[in-house]
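Reader: Please take a close look at a single part of this model and describe how its pieces sit against each other. A connected account is preferred to a list.

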Amino acid sequence: HNRAIAAAGAALIAAEGEVSVARSALLPTNSVRGAYTWYSDEQTSSVVIDPALFPPGTALPVVTVREQDSAAVRAAVRLALDLSGALRHGLSAAQAGYRAEAARTFATRLDEEKTVVAAYLGLLEAERLREVELETIRLYDRQLSDASSRFELGRLTRNEVLVVEVALATSRQILLRLDTAVAAQRRALNR
């Protein structure tokens, strides 16, 4: 459900459509139209001619103006003649655009997967460093309690106890930074 990968896939589909459109310009196109008309009677007209002009027994001519049934069909096929080469160049350009989009889609997927792996490894690293720092804090706590006991017994100076307290405070600050780093890596992984 990655948005960048989905956008790259949509751009690839659009480029594929452009190739289909460019290719279709080279294909023949056809069209067929038909019409059928039916009338209740045919329409005729008589010609007024002197019957004496015709031999005896000859029927006078009748002119048919409209048939009772009438049908017309028209068909056309058009073929593109690419004399200038513009259609083929357009197809080549569309195919090159498709290949570029395919490469861009692959690169986007690879980049997003690389980002996910880096975020995951960063999260693992931050969590492991946090565990190490917690162990360090536990050791400094134990060392501080030992140093405080020794100070009370007079075996250590106040300065030596302060060194352990500073080291413990520094470790706690590092732990806070690592907590922030873990949260940041989780956000990066979720993104």
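Author: In this predicted model, a polar atom of the Thr 108 side chain lies 2.8 Å from the backbone oxygen of Arg 104. Thr 108 belongs to helix α2, which covers residues 86–153. With a relative accessible area of 18%, Thr 108 falls under the 20% cut-off, so Thr 108 counts as buried. Once neighbours within four places in sequence are set aside, the contacts of Thr 108 are with Ala 4, Ile 5 and Ala 8.

Those contacts lead to helix α1, which runs over residues 3–24. Helix α1 has 22 residues, and the distance from its first C-alpha to its last is 32 Å, close to the 32 Å expected at 1.5 Å a residue. Ile 5 and Ala 8 are among the buried residues of α1, along with Leu 12, Ala 15, Val 19 and Ala 22. Seen down the helix axis, these buried residues of α1 fall within an arc of 95 degrees, so they line one face of the helix. What they pack against is α2, the helix in which Thr 108 is found. The other side of α1 has exposed residues: Arg 3, Ala 6, Ile 13 and Val 21.

Ala 4, one of the residues in contact with Thr 108, also takes part in the N-terminal end of α1. There Asn 2 acts as the cap, with a side-chain oxygen 2.9 Å from the backbone nitrogen of Ala 4.

Notes: Residues numbered from 1 in each chain as written. Predicted model: local features only at pLDDT ≥ 70, side-chain atom pairs only at ≥ 80, totals over all residues. Heavy atoms only, no water. Helix = DSSP H or I, 4+ residues; strand = E, 2+ residues; numbered from the N terminus. Expected span 1.5 Å × (residues − 1). Buried < 20%, exposed > 50% of the residue type's maximum accessible area, 1.4 Å probe, protein only. Arc of directions from axis to C-beta. Contact = heavy atoms within 4.5 Å. Polar contact = N/O pair within 3.5 Å; in protein donor to acceptor, adjacent residues only side chain to side chain.
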